[in-house]
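Trainee: Could you take me through one part of this model in detail, beginning with the surface and then turning to the interior and the aromatic rings?

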Amino acid sequence: MLSQTHQKSGPTLLYTKEQRARRDASIWTLVQGLLAPLQFLVFLVSLALVLRFLLTGLGYEAATLSILVKTGCLYLIMITGAIWEKVVFGQYLFAAAFFWEDVFSFVVIALHTAYVWALVTNSLPPDALMVLALAAYAAYVINAGQFLLKLRAARLQAGGLA
């Protein structure tokens, strides 16, 4: 009986009409839409440089600089994303619609920040720093996937398919 009740209630909406209107009217939606692919491009370049260093031992400085640029992009998209969430949902982080994406974003930020800390304090050798960067990048890919799934759900909902 419980499953029948659940089925009748339908899927949970990602946005209310008011939230969708705020999302569509916000400049922060455009900012996120521009920063996300930029960050992904920076990630791809950095990943190539990190792998090159790990495979050949060449290009440590370029790989390090690329990781720092990627980390800066991550911080920027997190800050602007929190502003976007405040505009759309009324709170800076952990709105119900994006709770688990935000939680995992903090894992991603922690790993990137651990890399910066280890670099600045010289507490890890270059190979270990690059492995830490790869761990941060793996978490980033998972988190990006979470957000892409939410974007797809929002598009389906807007089209009346979800």
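Mentor: In this predicted model, V131 has a relative accessible area of 48% and is therefore partly exposed, since that value falls between the 20% and 50% cut-offs. V131 lies in helix 6, and together with L51, L54 and L55 it forms a nonpolar patch on the surface, whose members have about 360 Å² of accessible area together. Helix 3 gives the most to this patch, with three residues.

Turning to the interior, the largest nonpolar core has 22 residues, and those with the most contacts inside it are I67, Y115 and M130. Two or more residues of this core come from each of helix 3 (27–56), helix 4 (60–89), helix 5 (99–121) and helix 6 (126–158), with helix 6 supplying the largest share, eight residues. Leaving aside its neighbours within four places in sequence, I67 is in contact with S46, V50, Y115, M130, A133 and Y137. A second, separate core comprises nine residues, among them L14, W84, V88 and A97.

As for the aromatic rings, the count comes to 13 pairs. In one of them, the ring centres of F94 and F99 are 5.6 Å apart and the planes stand at 50°, so the pair is tilted. F94 counts as partly exposed at 33% relative accessibility, and F99, with a relative accessible area of 30%, is also partly exposed. Elsewhere, ring pairs link Y15, W84, F89, F98 and F147 into a cluster, and W84 from this cluster also belongs to the second core.

Technical notes
Residues are numbered from 1 along each chain as its sequence is written. This is a predicted model: local features need pLDDT of at least 70, side-chain atom pairs count only at pLDDT 80 or more; totals for chains, interfaces and linings use all residues. Side-chain values use heavy atoms; hydrogens and water are left out. A nonpolar core is a set of buried Ala, Val, Leu, Ile, Met, Phe, Trp, Tyr and Cys residues joined through side-chain atoms within 4.5 Å. Buried means under 20% relative accessible area, exposed over 50%, partly exposed in between (1.4 Å probe, protein chains only). Helices (H or I, at least four residues) and strands (E, at least two) are DSSP runs, numbered from the N terminus. Contact means heavy atoms within 4.5 Å. Patches are made of residues with over 30% relative accessible area and no salt bridge: like charges are joined within 9 Å, nonpolar side chains (Val, Leu, Ile, Met, Phe, Trp, Tyr) within 5 Å. Accessible areas come from the Shrake-Rupley method with a 1.4 Å probe; for residues, only the protein chains shown count as cover. A salt bridge is a side-chain nitrogen of Lys or Arg within 4 Å of a carboxyl oxygen of Asp or Glu. Rings of Phe, Tyr and Trp (its six-membered ring) pair if their centres lie within 6.5 Å; planes under 30 degrees apart count as stacked, over 60 as edge-to-face and the rest as tilted.
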